[in-house]
Amino acid sequence: MFKTRVCELCGIEYPIFQGGMAWVSDYRLASAVSEAGGLGIIAAGHLTPDEVREQIRKVKELTSKPFGVNIMLMSPYVEDIVKVVIEERVPVVTTGAGNPGKYVKAFKEANIKVIPVVASVALAKRMEREGVDAVIAEGMESGGHIGDITTMVLIPQVVDAVKIPVIAAGGIGDARGFLAALMLGAEGVQMGTRFALSKECAVHSNWKRMYIKAKDRDTVVTGVTTGHPVRVIKNKLARKFEEMEKQGASKEELEQLGAGALKKAALEGDVEWGSVMAGQIVGLLKEEKSVKEIIDEIIEGAKKLLSENCARFGG
Ligand code: TUI
């Protein structure tokens with residue numbers, strides 16, 4: 001059940017991707033998700049090309065199933081990371097925070113599936129023309145760097161605009177979200193926040209505690225004035241950001257405040273002065289679970305929901 005073109009394209013059992021979150025999605029999380037039947041994704045984020053290679057090799061040791069690497073296009077190492085990913089014959093590449101157009105040909109020649117994250121219909125159409133295999137359409141409910149359209153309205157519009165498969169991201173954390181995304185026409189989902197609160201995720205325990213405490217309105221979008229809006233959990237750093245943005249701080253001043261802040265929270269556990277990126281669905285999450293529990297609950301829950309609703313609505 002729930003076999004879609006995305007399963008076939010990536011060689012996976014369930015159409016569930018784990019978001020490639022910088023400083024959060026390492027080889028441990030990615031290999032666990034792939035082993036459980038989804039697509040685990042290593043975040044290249046701000047890693048050096050050598051560090052990315054090391055992560056890829058560790059995933060290969062832990063699973064023989066397909067996996068992906070997410071390339072954050074604002075990274076200073078993009079060109080060399082692209083080379084590493086091609087040399088290592090990574091099965092799937094996802095990209096974020098930019099237009100990967102100029103790398104598509106090289107990936108295709110290496111038989112690597114390319115699946116960019118898009119936040120608009122226009123970019124989805126452009127990516128399709130450039131020959132990508134699918135798109136991840138990400139709504140503004142997501143954590144981290146976001147666009148400005150919600151998942152609910154973005155997905156059906158992207159689905160109608162392209163022929164390639166669409167994977168929905170943003171605001172999905174359980175079976176209800178998974179099934180809703182499929183009903184909007186998506187052929188898969190990507191979840192970041194849900195997988196960050198998993199046993200296999202090596203992010204600092206303070207980060208996980210903050211996720212468990214967070215309620216529906218506890219995230220804010222900072223950095224709108226810099227042109228790079230980023231959704232984070234409200235803390236001292238987020239308030240300082242808001243205050244500086246209100247006072248008309250320059251892009252440079254704000255970038256300086258944000259530099260290194262994600263690593264500070266995710267690795268060092270400074271969840272007051274670090275950047276705790278999280279999607280709005282964080283308010284739904286109550287406990288840490290294993291990756292396998294998360295995936296199995298979604299698949300079993302979605303089957304149950306479907307049959308209950310067929311009965312309810314006379315199907
Ligand atoms: O990339 C993400 N989320 C991220 S990247 C990241 S690292 C970071 N750290 C500090 C500041 C900024 C970033 C944290 N979270 N998600 C995928 C995504 N891509 N969301 C939105 C986009 C996007 C936005 C505009 C993709 C393309 C785009 O247009 C580019 C163009 O040139 O048209």
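Start by selecting the shell of residues around the ligand in this predicted model, and colour it by class: the shell divides into seven nonpolar residues, five polar ones and one charged one. In total 13 residues surround the ligand, and the closest, which are worth labelling, are Ala 97, Val 117, Leu 123, Glu 138 and His 145.

Next, keep the ligand in view and show its nitrogen atoms together with three of those labelled residues. At Ala 97, look at the backbone, where a polar atom lies 3.0 Å from a nitrogen atom of the ligand. At Glu 138, turn to the side chain instead, since an N or O atom there is 2.9 Å from a nitrogen atom of the ligand. At His 145, return to the backbone, where a polar atom is 2.9 Å from a nitrogen atom of the ligand. If you now switch on a surface, keep in mind that the ligand on its own has 720 Å² of accessible area, of which the protein covers 71%.

From here, zoom out to the whole protein chain and colour two ranges separately: residues 5-202, which form domain 1, and residues 215-277, which form domain 2. Measured in your viewer or not, the separation to keep in mind is the computed one, with 24 Å between the centres of the two domains, taken over C-alpha atoms.

Now select the place where the two domains meet, where 11 residues of domain 1 are in contact with 11 residues of domain 2. Between them, domain 1 and domain 2 bury about 890 Å², and 67% of this area is on carbon and sulfur atoms. On the side of domain 1 that touches domain 2, colouring by class will show six nonpolar residues, four polar residues and one charged residue.

What kinds of polar pairing does the rule find across the interface of domain 1 and domain 2? It finds five residue pairs in polar contact across this interface, both residues of each pair being at pLDDT 80 or more, whereas for salt bridges across the interface of domain 1 and domain 2 the count is zero.

How values were computed: Residues are numbered from 1 along each chain as its sequence is written. This is a predicted model: local features need pLDDT of at least 70, side-chain atom pairs count only at pLDDT 80 or more; totals for chains, interfaces and linings use all residues. Side-chain values use heavy atoms; hydrogens and water are left out. Domain bounds come from an automatic or database domain assignment. Contact means heavy atoms within 4.5 Å. Buried area is the accessible area (1.4 Å probe) that two parts lose on being put together, summed over both. A salt bridge is a side-chain nitrogen of Lys or Arg within 4 Å of a carboxyl oxygen of Asp or Glu. A polar contact is a pair of N or O atoms within 3.5 Å; within protein, one must be able to donate a hydrogen and the other to accept it, and residues adjacent in sequence count only if both atoms are side-chain atoms. Ala, Val, Leu, Ile, Met, Phe, Trp, Tyr, Cys and Pro count as nonpolar, Asp, Glu, Lys and Arg as charged, and the others, Gly among them, as polar. A residue is near a molecule or strand if one of its heavy atoms lies within 4 Å of it. Accessible areas come from the Shrake-Rupley method with a 1.4 Å probe; for residues, only the protein chains shown count as cover.
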